Amino acid sequence: MKRQPCCACCPAGAPGLAELRTHFERAGIARQKWPEGVHAVEEFPRTASGKVKKFVLRRNLAPDIASPAE
């Protein structure tokens with residue numbers, strides 16, 4: 001399975017894909033690092049120390065990766 005960059009954000013004020021790409025372009029970030037999709041989540045899964053559990057986030061978003069929200 002090919003890994004694809006994507007953005008996960010909470011719904012309140014979540015930017016759209018076009019808005020994110022414009023931001024990354026202005027910031028000079030290489031295109032291969034730009035997100036290919038934006039996924040809204042209610043809240044980020046966190047550890048006891050407050051860090052984001054990325055493996056849980058990936059697992060929860062796996063069904064949505066095939067059809068990212070734009």
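This is a short tutorial dialogue on reading a predicted model.

User: Where do I start? How many helices and strands are there in the protein?

Analyst: Start with the elements and their order. This predicted model has two helices and two strands. Along the sequence they follow the pattern β-α-β-α.

User: Which element has the lowest mean pLDDT, and which the highest?

Analyst: Take confidence for the whole chain, then by element. The mean pLDDT of the protein is 83. Of its residues, 86% reach 70 or more. Among the elements, β1 has the lowest mean, 80. Helix α1 has the highest, 93.

User: How do I read a helix such as α1? Which of its residues are buried?

Analyst: Sort the residues by accessibility, then look down the axis. Helix α1 covers residues 17-27. Leu 17, Leu 20 and Phe 24 are buried there. Seen down the axis, the buried residues of α1 fall within an arc of 65°, so they line one face of the helix. Ala 18, Glu 19 and Arg 26 are exposed on the other side of α1.

User: What do the buried residues of α1 pack against?

Analyst: They pack against both strands named here: β1 (7-9) and β2. Check what comes after the helix too. Gly 28 follows α1, and its phi is positive, near 80°.

User: Which residues make up the largest nonpolar core?

Analyst: Read a core as a list, then ask which elements feed it. This core has seven residues. They are Cys 7, Cys 9, Leu 17, Leu 20, Phe 24, Trp 34 and Val 38. Both β1 and α1 supply at least two residues each. Helix α1 gives the most, with three.

User: What is Trp 34 in contact with, leaving aside its neighbours within four places in sequence?

Analyst: Follow one core residue outward. Trp 34, a member of the core, is in contact with Pro 5, Arg 21, Phe 24, Glu 25 and Ile 29. Of these partners, Phe 24 is also in the core list.

User: Glu 25 came up there. Which residue forms a salt bridge with Glu 25?

Analyst: Look for the charged pair, then check the exposure of each partner. Arg 31 forms the bridge with Glu 25. Their closest N and O atoms are 3.7 Å apart. A search of the whole structure finds one salt bridge. Arg 31 counts as exposed because its relative accessibility is 58%, over the 50% cut-off. Glu 25 has a relative accessible area of 48%, so Glu 25 is partly exposed.

User: How do I read pairs that are far apart in sequence? What separates Ala 40 and Ala 8 in sequence and in space?

Analyst: Set the two separations side by side. Ala 40 sits in strand β2. Ala 40 and Ala 8 are 32 residues apart in sequence. Their C-alpha atoms are 5.7 Å apart in space. Not counting residues up to four places away, Ala 40 touches Cys 9 and Pro 11. Ala 40 counts as exposed because its relative accessibility is 56%.

User: Where is Glu 42 found, and what does Glu 42 touch?

Analyst: Glu 42 is in the loop between β2 (38-40) and α2. Beyond residues up to four places away, Glu 42 touches Cys 10 and Pro 11. Glu 42 and Pro 11 are 31 residues apart in sequence and 6.8 Å apart, C-alpha to C-alpha. Glu 42 counts as exposed because its relative accessibility is 70%.

User: Where is Gly 16 found?

Analyst: Gly 16 is in the loop between β1 and α1. At 29% relative accessibility, Gly 16 counts as partly exposed. Its C-alpha is separated by 9.5 Å from that of His 39, 23 residues away along the chain.

User: And which helix holds Asn 60?

Analyst: Asn 60 lies in α2, residues 54-65. At 47% relative accessibility, Asn 60 counts as partly exposed. Asn 60 and Val 41 are 19 residues apart in sequence and 9.4 Å apart in space, C-alpha to C-alpha.

User: Now the whole chain. How much of the protein counts as buried?

Analyst: Finish with the totals. Of the 70 residues, 21% count as buried. The protein exposes about 5400 Å². Carbon and sulfur atoms supply 52% of that area. Last, take the contacts with a separation of 6 or more. Residues 24 or more positions apart account for 59% of them.

Technical notes. Residues are numbered from 1 along each chain as its sequence is written. This is a predicted model: local features need pLDDT of at least 70, side-chain atom pairs count only at pLDDT 80 or more; totals for chains, interfaces and linings use all residues. Side-chain values use heavy atoms; hydrogens and water are left out. Helices (H or I, at least four residues) and strands (E, at least two) are DSSP runs, numbered from the N terminus. Buried means under 20% relative accessible area, exposed over 50%, partly exposed in between (1.4 Å probe, protein chains only). Contact means heavy atoms within 4.5 Å. A salt bridge is a side-chain nitrogen of Lys or Arg within 4 Å of a carboxyl oxygen of Asp or Glu. The arc is that of the directions from the helix axis to the C-beta atoms. Accessible areas come from the Shrake-Rupley method with a 1.4 Å probe; for residues, only the protein chains shown count as cover. A nonpolar core is a set of buried Ala, Val, Leu, Ile, Met, Phe, Trp, Tyr and Cys residues joined through side-chain atoms within 4.5 Å. pLDDT is the predictor's confidence in each residue, from 0 to 100.
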